[in-house]
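Q: Could you take me on a close look at one part of this model, the open sheet? I would like to know how its strands are ordered and paired, and what lies across them.

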Amino acid sequence: MTTLPPPVQLAPHIVFDGVGKSYAGRSSQVQALSAVNFDIHHGEVFGIIGRSGAGKSTLLRTINALETPSEGRVQIHGVDPAQLDENALVALRRRIGMIFQHFNLLSAKTVRENVALPLRVAGERPAIIKARVDELLALVGLSDKGQAYPAQLSGGQKQRVGIARALVHGPEVLLCDEATSALDPETTQSILSLLRDINRQLRLTVVLITHDMAVIRAICDRVLVLDQGQVQEIGEVWRVFGAPQAAATQALLQPLQQGLPPDLARQLLPQPSSSADRAVLSLRFAGAQRPQGLPLQALAALGSQATLLHGGLDRLRGHSLGQLLVSTPATGLPSLDALRHSTGADHLELLGYVRAD
Ligand SMILES: Nc1ncnc2c1ncn2[C@@H]1O[C@H](COP(=O)(O)OP(=O)(O)OP(=O)(O)O)[C@@H](O)[C@H]1O
């Protein structure tokens, strides 16, 4: 598949305006969403992340009116799905494809029949259906699996069928509900790159929900962090990953952080025990000051006896960000402020001391 440049259109495509949603619980109301306000831009890959119960599914499902807000409204190109009659809603849902964690394929139908079904339901002519299914199976790399049944496919192949079926009406939005949560890491990567290719080739707005920050890092342009039904943080992925502001974001990012390796953590002393001990410093780079990377010269401020212990930089949407753990002689250590300034680190912290040997 050819890789096209990223989409340039940034007009609001989907607008959430004071959206709230409550459900009747056993003894009280469950407030699944509260005062949610944000826009999703045309042509972007937008991620919604949050822990279990944060309200992600509820939020996603208001876009195609599988859920109706209790307060506020959602608009897709100015149209509020909650206000549509049955026929208009069917038409809107054709403009909004959806894929699911467990694929939701019909097990008694072949791959071709699964993909063709929405077109049959819409009363499309057989010749048109055939051409469209051929085209979509080629797009998702399953041209040779048309006669297979779902049980004969791997998880990744099943999700490809789900994607083909979701695209059958040529939608402008693709909703992805934990689309890779049931897949192994390698298959996850291949599905994510297929989604990214589709986003660029078809200029499709992709909205995905996940509890996995690695998925957000892999393909999203922007991310919204949801907790207890409220927006905690929203922004470009590299900014949110480089300098997470909300406690909920920091907690979600924790597994991706380059923490102190356990062997080093065991050796760490709160104070130097002799003049030969070494200070262990953590330097974080958020990707804004030096998006192109870190000149090694900047690290020279740490002195010629500094040792890089652990860590590295990731490149995210054209921004280098990450963390380095460095040890350097504790004696004669410049002030942390001076070191932060000369290394260009966004955050520099003295973690403790280790013995020189
Ligand atoms: N149909 C419903 N009836 C009652 N409560 C519901 C209903 N759907 C969701 N909830 C509640 O609303 C809250 C948000 O649920 P939601 O499924 O949107 O969260 P989520 O972030 O998608 O969670 P998960 O990652 O576990 O799927 C939860 O407290 C949930 O129990």
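A: In this predicted model, four strands form an open sheet in the order E11-E12-E10-E13, and their pairing is antiparallel. At the edges sit strand E11 (307–316) and strand E13 (347–354), each of which pairs on one side only. From one strand to the next, the twist averages 15°.

Now let's follow one edge inward. E13 pairs with strand E10, which spans residues 278–285, and this antiparallel pairing runs over seven bridges. If you want a spot to find on screen, look for Arg284: its bridge partner in E13 is His347. As you trace these strands, keep a handy rule in mind: in a regular strand, side chains alternate between the two faces of the sheet.

Next, add a helix to the picture. Helix H12, made of residues 336–343, lies across E10 and E13. Its direction makes an angle of about 125° with E13.

For contrast, try a pair of strands elsewhere in the chain. Strand E5 (residues 96–100) and strand E6 (residues 173–177) pair in the parallel sense, over five bridges. Here Gly97 has Leu174 in E6 as its bridge partner. E5 is mostly covered, with four of its five residues buried. Both of these strands fall in residues 14–253, the stretch that an unreviewed UniProt entry annotates as "domain: ABC transporter". Over that stretch, the chain is 38% helix and 27% strand.

Conventions. Residues numbered from 1 in each chain as written. Predicted model: local features only at pLDDT ≥ 70, side-chain atom pairs only at ≥ 80, totals over all residues. Buried ≥ 20, exposed ≤ 12 C-beta atoms within 10 Å, placed from the backbone. Helix = DSSP H or I, 4+ residues; strand = E, 2+ residues; numbered from the N terminus. Pairing = 2+ DSSP bridges. UniProt positions renumbered as here; feature names shortened; annotations may be inferred. Axes fitted to C-alpha atoms, helices over the stretch in contact; angles between N-to-C directions. Contact = placed C-beta atoms within 7 Å.
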